[in-house]
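Student: I should like to take a close look at a single part of this complex, and then to see how that part sits within the rest.

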Amino acid sequence: MARWSLLLGICFINIVLAVDKNNFKTCEQSSFCRRLRKYQAGDSVYQADLSSLQITENAIEVGIQNTQVANANLKLTLTAIVGNVFRVSVDEIDGLFPRYKPQFALNGEPQVAKLEVLQRDQDSVTVKSENNKATLTAKPLKLEFYRDDVLVTILNGKGLFAFEHYRTKPDEGATDPQIQDDPGAWEENFKTHHDTKPRGPSAIAGDFTFPNAQRVYGLPEHGDHLALRTTQQNNLDPYRLYNLDVFEYELDSTMAIYGAVPIVYAHSAEHTVGVFWHNAAETWVDIKNSKDINVVSSLVNLVSGSKTEASVDVRFMSESGIMDFFVLTGPKPKDVIKQYASLTGVHGLPQLFSLAYHQCRWNYNDQDDVTTVVANFDNNNLPVDVMWLDIEYTDAKKYFTWDPIKFSNPEIMVNNLTSTGRKLVVIIDPHIKREGGYFLHEDALKYDFYVKNHDGSVYEGWCWPGSSSYLDFYDPKTVDYYKKLYALENFKGTTHDVWIWNDMNEPSVFNGPEVTMPKDCVHHGGWEHRDVHNEYGLVHTIGTYQGLRLRSPNKRPFILTRGHFAGSQRFAAVWTGDNEAKWSHLTASFPMCLSEALGGISFCGADVGGFFNNPDIELLQRWYQAGIWLPFFRAHAHIDTKRREPYLFSDDVVNRIRTALRLRYVHLPLWYTLFWEHETKGEPVIRPLFYHYPDDENVLDIDNTALIGHSVLAHPVTEPGETSVDVYLPGGKNGYWYDIQDFQLYHGGNHKISVDLDKHVAFYRGGSIIPRKDRPRRSSAVMHHDPFSLYIALDDKQKASGTLYLDDYESFDYKNEKRYTYLNFDFSNNKFTSSLIDKATYPTEEWIEKIVILGPPAGITGAKLTSKTLGTINLETSYDKESKSLTIRKPGASVLEPFTIELV
Amino acid sequence: MKLNKFYANFKLKCLYIILVLIELSDSKAEVPRPRGVALSRAPLYDPDTNFTCFDGSKTIPYNQVNDDYCDCEDSSDEPGTSACAGGSFYCLNAGYKPSILKSDRVNDGICDCCDGSDEYSGRKTCVNNCQEMGKAAREEAFRLAELLKVGKQLRAELSQEGLKMKNEKQQKLGELQKHKEEAEKIKSEREELKKKAEEVEGKALEYYKELEEQYKKQRAEKEAEKLQQEAVENFKKLDSNQDGLVEIAELQSRQSFDRDRNGEVSEEEAKLFLNNQESVDLETFIEKSWPLMKPFVKIDSGMFKPPETTSEAESEDLQDQEEELKVEFGESEHEEGGEEDEDEDNEKEEQPEEHEEEEHYITYDEETQKLVDLASEARNHYSEAEKDVRSINDQIRDLEQSLKKDFGPDEEFASLEGQCFDYTDHEYVYKLCPFEKSLQIPKSSSSETNLGRWSKWDGPNNNPYEIMLYEHGQNCWNGPNRSTRVKLSCGAESKVTSVSEPNRCEYAFEFQTPAACREVSSAEGKDGDLHDEL
């Protein structure tokens with residue numbers, strides 16, 4: 001411990017109790033944000049030159065000039081993309097330097113759609129594609145986007161569009177009207193750090209107006225509510241997107257943290273519209289919602305009876321790169337999220353184990369500790385699937401090595417784990433210890449794998465190992481080398497059941513500006529770190545993903561990453577980083593992951609229990625009860641905290657946590673099916689209420705409630721000593737919701753639910769059929785052959801439907817060989833039908849052992865099952881008066897064969 | 001003792017006989033019963049009648065027993081499948097001991113019973129290794145029994161030794177208590193003598209007291225003068241533009257005033273010395289600024305060491321010096337305690353240098369000196385007597401404390417006190433000094449970290465002597481005070497066998513000792529509920 005104290009003492013010498021905001025820039029301290037924020041709404045100085053208009057089958061292209069600056073020629077391209085999406089790119093013509101466009105966010109080049117010119121005159125041109133229409137007005141420059149002939153968003157409607165072309169440094173004394181002599185334009189200091197800015201100013205800004213929008217969502221990752229707040233008042237800085245390792249980040253804040261997904265969704269009952277700002281540089285986003293601005297005038301209007309139009313303004317400001325954005329015209333939340341998924345991709349179906357419970361701690365001390373912890377879970381009948389090793393497993397923080405004393409026999413440890421179906425996840429960070437004799441460092445120097453300083457020398461920063469350098473994943477030869485490190489013969493002690501945790505990849509540099517890499521560092525291809533910063537975590541995980549595919553070609557990789565960007569979902573799960581053992585952080589875990597889910601990153605979770613400090617026992621239990629309803633479910637704790645594995649507590653606590661864990665495990669078939677549907681349909685796994693209830697004004701600001709698919713509504717208890725919670729159930733009086741524990745029926749509306757420590761506030765939606773596996777097991781791997789139970793929650797019309805997906809739960813056979821089974825369940829007219837959706841089948845022994853009907857019809861005395869192989873057989877039913885549920889005893893039918901059950 | 005040994009052997013033999021019997025009965029006449037049911041419960045499952053759940057809640061046709069569907073809330077209808085969440089599965093484990101599993105272990109692809117009976121789905125083939133396990137268990141039981149036999153012998157010896165030590169301590173205590181009375185008597189006699197001598201001396205010294213007061217006053221004046229002189233000198237030095245004022249800029253040019261050591265003297269820092277003004281004149285400088293500045297200026301010129309760096313020894317020296325001065329004037333004995341008396345006597349002749357010249361000018365006339373000498377002698381006699389009493393008290397206290405310690409029901413742990421046992425891992429040497437403390441010493445240095453001082457026995461109710469707890473060790477950075485739990489087990493010799501740190505700053509030692517070799521009262525094992533199955 002003495003050693004630790006020392007190291008931590010050095011690292012966090014001036015950041016002990018909470019976030020030190022002084023370490024991070026405000027907009028005012030960032031030259032380009034300061035410059036761009038000075039723009040006043042009004043007539044734009046930008047004009048399109050329609051005489052230069054060129055029209056192709058899929059796009060139009062037009063020149064743009066800044067009327068105040070000579071020779072700053074820009075080119076705007078508007079391209080139609082399949083699925084009611086427009087893409088707009090603005091770049092310099094013959095600029096001094098090339099401008100960066102993110103290379104990895106998009107899931108391949110988007111498929112272009114046909115575009116036709118509807119109308120064209122001296123001052124404007126209107127084009128149409130699918131249900132979309134766009135009108136470009138020349139003087140001043142303005143782009144209006146229509147969906148089904150309704151105006152949904154306007155670019156430069158407020159005249160705040162900006163594009164700083166690359167320029168030569170003006171002579172001393174000469175003024176630059178665009179830069180306005182901002183002292184940070186050509187070099188910038190922050191604290192003791194100096195940014196040489198060899199290319200000078202290059203910022204861009206796009207302003208978007210969303211007429212009629214009531215709310216705007218998006219822009220993960222922030223420790224904030226789901227609905228974005230108006231930033232230009234109450235001294236609220238713009239939402240900042242700049243991946244940073246923020247020690248003890250604060251909540252209700254627009255400060256940047258680990259991830260950046262530059263997508264916004266403007267939402268109204270009629271339309272939900274998205275703008276995806278495709279840029280990897282530091283970005284600030286100002287939000288203005290008329291409802292926040294018009295407080296006074298709306299009071300006046302209330303008296304006078306007139307109503308102000310709702311509207312939202314969003315202004316993206318980025319430090320460099322081309323301007324490239326996509327307008328997704330919805331029209332409904334479902335559609336717009338799918339459009340975003342079609343651009344940036346989805347998380348491929350994960351292995352089942354990764355949806356089960358993960359047990360982590362910084363650190364499990366040694367190999368025996370790992371084995372003992374799992375044995376304790378088993379002895380206490382607590383399920384667990386994955387054990388995790390944080391940085392201390394390495395030999396002195398050298399990744400791809402093991403501590404020779406504490407982990408002298410990793411193979412044996414891993415085999416102990418896998419013998420009961422468990423997996424291991426170990427951490428691999430992108431900083432490499434600069435130590436002579438460390439093969440990775442020596443290879444990196446020899447073959448030139450590291451990120452450089454602006455003068456071309458290798459960049460050195462300080463991280464866990466002390467002096468470190470950072471792998472440059474922009475260099476293909478680095479990635480090629482890096483991915484081979486995961487081969488079992490190179491990473492000795494690992495097996496096909498060891499998976500990877502990529503941390504500190506913002507990247508975190510303890511002694512760097514804002515705890516990250518200097519912006520004037522240079523990556524392969526000559527790109528400045530400034531251009532690519534927010535994408536670094538993504539390229540890191542791509543390298544890891546490729547390495548794991550290479551190592552275990554027919555196993556779906558599991559990677560957890562902290563730094564993330566648009567598109568990260570294709571490679572990794574994400575967690576909300578180093579949270580705290582506080583009730584407020586438990587509360588924040590829901591809006592933060594819901595926001596990520598809207599940003600395409602469904603596989604999200606928060607450290608159960610809170611990373612820093614010791615949770616009290618009530619908080620810990622509540623955190624387990626909440627954590628089971630987020631897709632990624634892992635307990636984690638800081639090295640300075642007391643042990644908190646659930647078996648360490650008194651019997652009542654162990655029982656409560658066991659109940660929570662089992663609730664997670666019984667619902668694994670639901671989670672797994674939802675991830676299949678996420679992959680195939682682009683739907684998020686967890687959803688805020690407005691996703692399914694877009695025209696219900698009551699849900700606009702609800703972010704303490706998550707829908708799991710469209711079947712479960714979870715509203716975790718996130719306050720201490722609570723005896724009741726207020727829950728809003730959508731759907732009005734025809735909305736049926738069944739408490740998942742006692743099956744009591746609630747109708748849509750506001751409810752006060754009494755809670756004790758055992759209470760889970762969660763409901764099955766009437767109208768859904770939830771597949772479960774009710775037999776408790778010690779890990780998900782050993783549930784493979786267990787039968788399913790179906791919970792049919794009937795709606796007001798006595799109907800319900802649902803789906804179930806299954807396969808081998810781990811390989812790519814579902815993709816490569818179509819070995820899977822996907823079932824549709826339907827209940828109507830007192831008849832249950834199970835049918836195959838696709839022809840594909842996975843030869844499984846899984847069968848249906850039980851069907852429970854919630855809100856069943858009266859007078860049922862039995863049931864008749866009919867299938868090809870079983871013929872028609874009678875089944876017993878039993879009605880439980882207390883829970884008002886009907887159980888059909890042992891249908892016994894295989895999931896592979898269609899069957900019906902009729903209630904009689 | 002012998003009886004115990006016989007009993008242990010008898011138990012082993014019984015177990016063996018029972019196991020053999022089971023094997024015989026198993027192969028010849030198996031009692032028909034559903035899968036997963038213990039022999040003793042077989043009669044509860046009668047294939048000829050309907051089955052009623054044990055809790056009486058439900059009656060089902062017998063063919064629904066073990067049909068892989070859970071009908072009974074108490075799980076009793078599915079003893080051999082995984083259908084019921086709360087069920088249990090009985091494995092016979094012929095050749096070894098039977099076990100009861102949670103029903104979720106049935107057909108989960110993991111062999112839990114040594115006879116493999118929990119995996120019958122055909123998906124997993126288990127090897128029956130009950131014979132090997134039985135053999136190993138019997139060998140282990142034999143080894144433990146042998147160890148216990150040897151260990152008990154040793155324990156008995158330790159116990160005798162402990163009892164002897166206890167007796168000796170008690171005896172010693174008795175003696176000391178007698179001595180104490182005597183010593184106290186001497187002490188009060190000498191105190192009386194001292195008091196008388198001092199009365200006489202006090203009267204004689206009254207005149208000199210006045211002289212002393214005067215002297216002190218003079219000295220104080222001198223010092224103030226010196227300080228002012230210093231201040232004036234420094235004022236001149238600092239006032240580089242000679243305008244009669246010391247200003248911020250003048251201070252900023254001097255690194256001595258960089259209090260936070262950030263490389264520059266900020267305005268705030270400078271102002272702090274300037275009575276929070278832009279500048280000060282000489283008068284204010286002398287009064288306010290210089291006293292604040294002095295340490296910084298002195299540090300820089302190397303004349304002054306900040307108090308933190310003054311070692312304890314040095315400051316004690318200073319104290320001593322002052323006390324010595326007081327002794328000279330015969331004041332010391334009016335204070336109580338005065339623990340350094342002995343040293344004072346020795347060092348009395350070697351006077352500290354600095355103050356000496358000024359101190360020595362008071363001399364007594366011959367008669368007074370004689371009275372002073374007599375009084376000093378009386379004081380010395382008294383302090384010797386007092387020292388004796390104290391020493392006896394200390395010994396008594398130590399003995400009483402030691403006698404209060406719980407060295408086990410038979411004093412068997414007593415001889416461990418005063419010993420230390422080392423354990424070395426790759427980084428540290430750990431020391432366990434039973435009933436005193438535990439320590440961690442890095443191999444690379446000799447600095448000890450205290451991992452806890454003896455607190456109490458902390459084992460479970462049926463064997464409190466299984467765990468030793470050491471608490472209130474050195475504080476952890478950003479954490480609790482270090483503590484150590486020592487788990488004791490029977491071993492032929494006393495040694496620490498492992499050290500770990502399961503929680504930050506909470507250490508766990510394993511310690512083997514013959515003192516722990518005894519049979520623990522029953523109601524311990526979890527197998528207890530299996531006995532009725534046999």
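Is A:Lys642 buried, partly exposed or exposed, and at what relative accessibility? Please answer in full and set the residue in its context.

Tutor: A:Lys642 counts as partly exposed, because its relative accessibility is 44%. This value, like every other one below, comes from a predicted model.

The residue is of interest for its partner. A:Lys642 forms a salt bridge with B:Glu506, and the closest N and O atoms of the two are 2.5 Å apart. The pair crosses between chains: A:Lys642 lies in the loop between β33 (633–635) and α14 (651–666) of chain A, whereas B:Glu506 belongs to strand β14 (residues 506–513) of chain B. B:Glu506 is likewise classed as partly exposed, since its relative accessibility is 23%. Side chains of opposite charge can pair when their charged atoms come close. For the complex, the predictor reports an ipTM of 0.90 together with a pTM of 0.83.

The annotation places the loop residue in a wider frame. An unreviewed UniProt entry assigns residues 349–674 of chain A the feature "domain: Glycoside hydrolase family 31 TIM barrel". In the model this span is 34% helix and 13% strand, with its end C-alpha atoms 9 Å apart. Two other annotated spans of chain A may be set beside it. The feature "domain: Glycoside hydrolase family 31 N-terminal", again from an unreviewed UniProt entry, covers residues 76–286 of chain A; this stretch is 0% helix and 39% strand, and 23 Å separate its end C-alpha atoms. The feature "domain: Glycosyl hydrolase family 31 C-terminal" is placed by UniProt, in an unreviewed entry, at residues 682–770 of chain A. There the composition is 4% helix and 38% strand, and the end C-alpha atoms lie 20 Å apart.

Chain A also contains an open sheet of eight strands, with antiparallel pairing and the order β1-β2-β3-β4-β21-β18-β17-β14. Its edges are β1 (46–55) and β14 (215–218) of chain A; each has a single partner strand, so one side of each is left without a neighbour in the sheet. On average, neighbouring strands of this sheet are turned by 20° against each other, direction ignored. Within the sheet, strand β17 (residues 263–267) and strand β18 (residues 272–277) of chain A pair in the antiparallel sense over five bridges, and A:Ile263 stands opposite A:Phe276 in β18(A). Helix α5 (residues 333–344) of chain A lies across β3 (73–81), β4 (85–92), β17, β18 and β21 (323–328) of chain A, and runs at about 20° to β18(A).

The salt bridge at A:Lys642 is one of 88 over all chains. Two others, both within chain B, offer a useful comparison. The first joins the side chains of B:Arg155 and B:Glu412, at 2.8 Å from N to O. B:Arg155 lies in helix α2 (residues 130–238) of chain B and B:Glu412 in the loop between α9 (366–404) and β7 (421–424) of chain B, so the pair ties together parts that are 257 residues apart in sequence. Both B:Arg155 and B:Glu412 are buried. The second links B:Lys216 with B:Glu212, whose closest N and O atoms are 3.4 Å apart. These two residues are four places apart in helix α2 of chain B, and are therefore separated by about one helical turn. B:Lys216 is partly exposed at 45% relative accessibility, whereas B:Glu212 is buried at 6%.

As for the chain that supplies B:Glu506, the secondary structure of chain B comprises nine helices and 14 strands. Of its 534 residues, 35% count as buried. Among contacts in chain B between residues at least 6 apart in sequence, 46% join residues at least 24 apart.

Confidence in chain B varies along the sequence. The chain averages a pLDDT of 81, and 79% of the residues score at least 70. Among its elements, strand β11 (residues 467–471) has the highest mean pLDDT, 97, and helix α7 (residues 341–347) the lowest, 41. The value stays under 50 over residues 1–29 of chain B, for which the model has 20 contacts beyond four places in sequence. It also stays under 50 over residues 522–534 of chain B, with 16 such contacts. Where pLDDT is low, the predicted coordinates should not be read in detail.

Key. Residues are numbered from 1 along each chain as its sequence is written. Chains are lettered from A and ligands numbered from 1 in the order in which they are written. This is a predicted model: local features need pLDDT of at least 70, side-chain atom pairs count only at pLDDT 80 or more; totals for chains, interfaces and linings use all residues. Side-chain values use heavy atoms; hydrogens and water are left out. pLDDT is the predictor's confidence in each residue, from 0 to 100. Contact means heavy atoms within 4.5 Å. Two strands pair if DSSP finds at least two bridges between them. Axes are lines fitted to C-alpha atoms, for helices over the stretch in contact, and angles run from 0 to 180 degrees between N-to-C directions. UniProt positions are given in the numbering used here, feature names are shortened, and annotations may be inferred rather than shown by experiment. A salt bridge is a side-chain nitrogen of Lys or Arg within 4 Å of a carboxyl oxygen of Asp or Glu. Buried means under 20% relative accessible area, exposed over 50%, partly exposed in between (1.4 Å probe, protein chains only).
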